[in-house]
Amino acid sequence: MKDIIEVGLKTRKVDFSKIKTDILAVGLFSDVEKLDSLNAMLNKALGGAIQDILKIGDFKARERACTIIYGNEKVGAKRIMLIGLGEKGKVTLDTIRKASAVAAKKTVELKAKTLSLALHNALGKSFDLSEVGQACAEGAYYGSYSYDEFITESEDGRLGSLKVEIVDSDSNKIKNMNKGIVIGTVIGQAQCYSRTIANRPGNIIYPEKVAGLAKELARKSKSLTCTVFNDKQLKEKGMGGIMAVGSGSIHKPVFIVLKHKPTSKKANSLPTVAIVGKAITFDSGGISIKPSASMDEMKFDKSGGIAILSTMKAIAELDLPLNVYGLIPSAENLPSGSSYRPGDIITTFSGKTVEVQNTDAEGRMILCDAIAYAAKEKCDIIVDMATLTGACMVALGKHMAGLMGNDDELMKQIQKASEESGEKVWPMPSSEEYAEEMKSKIADLKNIGTRWGGACTAAAFLKQFVGESKWAHLDVAGVDLISGATDYASEGSTGFGVRLLVAFLKNMANSK
Ligand code: BES
Ligand code: MN
Ligand code: ZN
């Protein structure tokens, strides 16, 4: 396996008229005719080329549009990259994040070694510069990423590393942006890590490997500890849900418990949050087997759990003053002579019994054990993330994750983090009516409802394991992968949830 592109990020104080770089990226609004001072200066040095391209209409500065003008002896940069920011009144931090991603993606395509970002220049004073720096950093990591670990051809291959710098002539601005870059780098790297692990297929990554990665993170970190329950310990603990789902594969299931205890503050006065993620390393459906079309995509069924792993990496690096459990139940769902079957009655970790009516509804079977574990550990807040239902994708498409929960304030906090991080969520119900459908005649619960509202019945199932904790559930089935590359992202895993959860936990740490 070869390494994914290495990205280095920093700030640099420059004189824009003399800047030496492969690419200088600047932003433009689609509805502002007058060029800002930087663009006007560049336009003049380029003999009016920016104005010409706008006048001809080849570049209309629509959001995420990108075009290149080549430098001359009057400008230091080899290329000026114009990035569209859309309408000025609609610009958000996510516009900047995506603009930065577009620039980074294009830079990698061009095999240029250095990208100098001056996107913030178009914004004026309406944004906090630290937040702008963070968004640029996150975007640069996101856009430059592509998953090519297993591509062995090196001929005409991409560069091994990319240098990105955020440039300005004002050292005060630089200082403020740098604060955000430090955070954005941690988050951007964690999200790329998440994408790489999630992109690895089922023959490479299975539960034991996920556990190995968690242990590696703990080894490298001062604040993290990691305990892995193997199949013997799962049995002793009575984690019947995780064991049942993992019983069909030669790769044994595990339950990973990562703990972050901040080194910076006294841990016992702080609230405890559990983040829980589904890590099914491959979901064939089991005995209730899935159709073969697109079944390969079920290698992404570990995305929720991997996002938890990566979030733990980020919050440890940021040393957030919060106690956080990262709980990752992991199994491979395969049919075999030892698989769990439709009709089986499973006693889960909570003591509740579940009648299995469909072995393909396996996510809730492993999550209910992990959630009950968090409740037993008296976590104040539990947030779970899972590629749980195709129904959620039917309801919301591929743009937003479903958000369910039992506490309005917690739901609002997640929605706020969503707005800040650009990872979108939409509220959905999980009320009593849905729980009613999950009652079994021969056990406490069954693992599927009717044909309708599948995302809601799945959430209503999980809700019954949270005990007294405040709980939120994110169904990320629709948002975990991009099937074709876009302007700002390559195909494959999106790493969804890392930015969202880090923003949520960071806000929580700041409010304490
Ligand atoms: N991992 C799937 C959900 C999924 C489907 C994620 C498509 C991404 C894309 C989950 O384990 C599953 O199979 N859910 C079933 C539930 C059903 C049997 C109640 C589903 O959605 O069909
Ligand atoms: Mn399934
Ligand atoms: Zn699944």
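**Between the domains and around the ligand**

Trainee: The side chains of Arg-499 and Glu-138 meet in a salt bridge, so to speak, at what N to O distance?
Mentor: A salt bridge here is a side-chain nitrogen of Lys or Arg within 4 Å of a carboxyl oxygen of Asp or Glu. For the side chains of Arg-499 and Glu-138, the N to O distance is 4.0 Å.

Trainee: What sort of model is this, measured by its own label?
Mentor: Residues are numbered from 1 along each chain as its sequence is written, chains are lettered from A and ligands numbered from 1 in the order in which they are written, and side-chain values use heavy atoms, with hydrogens and water left out. Local features need pLDDT of at least 70, side-chain atom pairs count only at pLDDT 80 or more, and totals for chains, interfaces and linings use all residues, since the model is predicted.Trainee: How many salt bridges is the count between domain 1 and domain 2?
Mentor: The domain assignment, which is automatic or from a database, gives domain 1 as 6-170 and domain 2 as 197-511. Between them, the salt bridge count is 4.

Trainee: Which helix supplies the largest share of the side of domain 1 that touches domain 2?
Mentor: The interface has 7 residue pairs in polar contact, both at pLDDT 80 or more. That term means N or O atoms within 3.5 Å; within protein, one must be able to donate a hydrogen and the other to accept it, and residues adjacent in sequence count only if both atoms are side-chain atoms. On the domain 1 side, α3 (93-110) and α4 (129-144) each supply at least two residues, helices being DSSP runs (H or I, at least four residues) numbered from the N terminus. The largest share, 6 residues, comes from α3.

Trainee: About how much area do domain 1 and domain 2 bury between them?
Mentor: Buried area is the accessible area (1.4 Å probe) that two parts lose on being put together, summed over both. Carbon and sulfur atoms hold 52% of it here. The total for domain 1 and domain 2 is about 1500 Å².

Trainee: And which three residues supply 37% of the area that domain 1 buries against domain 2?
Mentor: Their share is more than that of any other three residues. They are Lys-105, Tyr-142 and Tyr-147.

Trainee: Over at ligand 1, which residue has a polar backbone atom 2.7 Å from an oxygen atom of the ligand?
Mentor: Ligand 1 is surrounded by 16 residues, each with a heavy atom within 4 Å. Side-chain polar atoms of Lys-290 and Glu-362 each sit 2.8 Å from an oxygen atom of ligand 1. The backbone atom at 2.7 Å belongs to Gly-390.
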